[in-house]
Amino acid sequence: MPDAAADILFLRKMHPLVETALDGRHTVHRLADAPDPEAMLDAVGPRIRGLCVGGQVGIDGALMDRLPNLEVIANFGVGYDAVDAVEAHRRGIVVTNTPDVLTDEVADLAIGLVLATLRRLPQADRYLRAGHWPKAPFPLTASLRGRRVGILGLGRIGRAIAKRLESFGVEIAYHGRRRQTDVPFAYYDSLIGLAQAVHVLIVVAPGGSDTRGLVDKAVLEALGPEGILVNVARGSLVDEAALTEALKAGTILGAGLDVFENEPHVPSDLAALDNTVLLPHVGSASEHTRAAMAQLVVDNVISWFEGRGPLTPVGETPWKPKA
């Protein structure tokens, strides 16, 4: 029977909209506020039926063991690689995420990173502020003109990036698990092949163990000395040490990164490089888009406990109503 009221656990502080909307409908337990989180889990774990998470908070079988009556995990974000969705499915737990509502924001930022990295916009800004302009013009930069752009991962966000790139009149190619027959872009069945064929490589594939370190030393060498790497996906997809060495050695021209291997910590030798544009994981971080993501988290939780099922279940935990 549908039960609109349930015990919900927040592992970390959530968006204010999530906090306010669910507090009024459910009994919300906040692990981050507990003086003794372990004791809190022991006390309330068996009552928890819903779990709200965000960021890269790991949700594994060990935590699920402590929440034996868990029914739904609502993830704040489109990426859910920190959640063991396969294990959740094995236990009959549904995992939801927030697709679509952040697609345009992240795609916009990806294009911004491409332009900022190629045209060295942050460096030009610093040059002006330091008072160098009266002494000499800022050095000429690379250009998007005449460059071919490759996209690693032509999903929702990858397609939105490609749509924007089309307006720049550049050639577009992509690599993914399989060729997509409804797009006009060139397909490469290997990432090395794609990197060799393009000047700009945009990473927007899912994170997780299957893609860890996918962009490695060999891929960077294939991208070449005129190449630009842009990552708006997960830091885990790029071998950060190999990237740092490639940037130092001139193996590639530059990198624009919104994500890192060990967020929020960025290696000092990477941060010190002048041929990079580095952002603190702000791809979806506008007030408009974060509010839309928060609302979808709320809507998933409410829909589940009102018996209507999840709105956006992830692929590993498909759901269909009982006959």
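How do α5 and α6 lie to each other: roughly parallel or oblique? They pack at an angle of about 55°, with axes 6 Å apart. α5 and α6 are therefore oblique to each other. Angles under 35 degrees count as roughly parallel, over 145 as roughly antiparallel, 65 to 115 as roughly perpendicular and the rest as oblique.

This is a predicted model, in which local features need pLDDT of at least 70 and side-chain atom pairs count only at pLDDT 80 or more, while totals for chains, interfaces and linings use all residues. Residues are numbered from 1 along each chain as its sequence is written, and side-chain values use heavy atoms, with hydrogens and water left out.

## Two helices in contact

Helix α5 covers residues 103-119 and helix α6 covers residues 121-129. Helices (H or I, at least four residues) and strands (E, at least two) are DSSP runs, numbered from the N terminus. Axes are lines fitted to C-alpha atoms, for helices over the stretch in contact, and angles run from 0 to 180 degrees between N-to-C directions.

On the α5 side, the contact is made by Leu115, Ala116 and Arg119. On the α6 side, Leu121, Pro122 and Gln123 take part. Contact means heavy atoms within 4.5 Å. By class, there are four nonpolar, one polar and one charged residues in this contact. Here Ala, Val, Leu, Ile, Met, Phe, Trp, Tyr, Cys and Pro count as nonpolar, Asp, Glu, Lys and Arg as charged, and the others, Gly among them, as polar.

## Two domains

The chain is divided into domain 1 (7-97 + 287-306) and domain 2 (102-278). These bounds come from an automatic or database domain assignment. Over C-alpha atoms, 33 Å separate the two domain centres. Seven residues of domain 1 are in contact with six residues of domain 2.

## Helices α7 and α10

Helix α7 spans residues 156-166. Its buried residues are Ile157, Gly158, Ala160, Ile161, Ala162 and Leu165. Buried means under 20% relative accessible area, exposed over 50%, and partly exposed in between (1.4 Å probe, protein chains only). The buried residues of α7 pack against α5, β6 (148-152), β7 (171-175) and β9 (200-203).

Helix α10 spans residues 240-249. Glu240, Ala242, Leu243, Thr244, Ala246 and Leu247 are its buried residues. They pack against α9 (217-223), β10 (228-231), β11 (254-257), α11 (268-271) and β12 (276-278). An α-helix has 3.6 residues a turn, so residues three or four places apart point the same way.

Look at both ends of α10. At the start, a side-chain oxygen of Asp239 reaches to within 3.2 Å of the backbone nitrogen of Ala241. After the helix comes Gly250, whose phi is positive, near 80°.

## Three residues and their neighbours

Glu19 is found in helix α1 (residues 16-23). At 11% relative accessibility, Glu19 counts as buried. Its side chain makes a polar contact with the side chain of Arg30 (2.7 Å). A polar contact is a pair of N or O atoms within 3.5 Å; within protein, one must be able to donate a hydrogen and the other to accept it, and residues adjacent in sequence count only if both atoms are side-chain atoms. Leaving out residues up to four places away in sequence, Glu19 touches Phe10, Lys13, Met14 and Arg30.

Arg91 sits in the loop between α4 (85-90) and β5 (94-96). Arg91 is partly exposed, with a relative accessible area of 30%. A polar atom of its side chain lies 3.2 Å from the backbone oxygen of Gly61. Arg91 and Asn69 are 22 residues apart in sequence and 9.8 Å apart in space, C-alpha to C-alpha.

Asn300 belongs to helix α12 (residues 287-305). At 1% relative accessibility, Asn300 is buried. Not counting residues up to four places away in sequence, Asn300 touches Thr96, Asn97, Pro310, Leu311 and Thr312.

## Backbone angles

Most residues other than glycine have a negative phi, and most peptide bonds are trans. The table lists two non-glycine residues with a positive phi.

| Residue | Phi | Place |
|---|---|---|
| Asp100 | about 70° | loop between β5 and α5 |
| His281 | about 50° | loop between β12 and α12 |

His281 is partly exposed, at a relative accessible area of 28%. A cis peptide bond joins Glu263 and Pro264, with omega about 5°. Pro264 is in the loop between β11 and α11.
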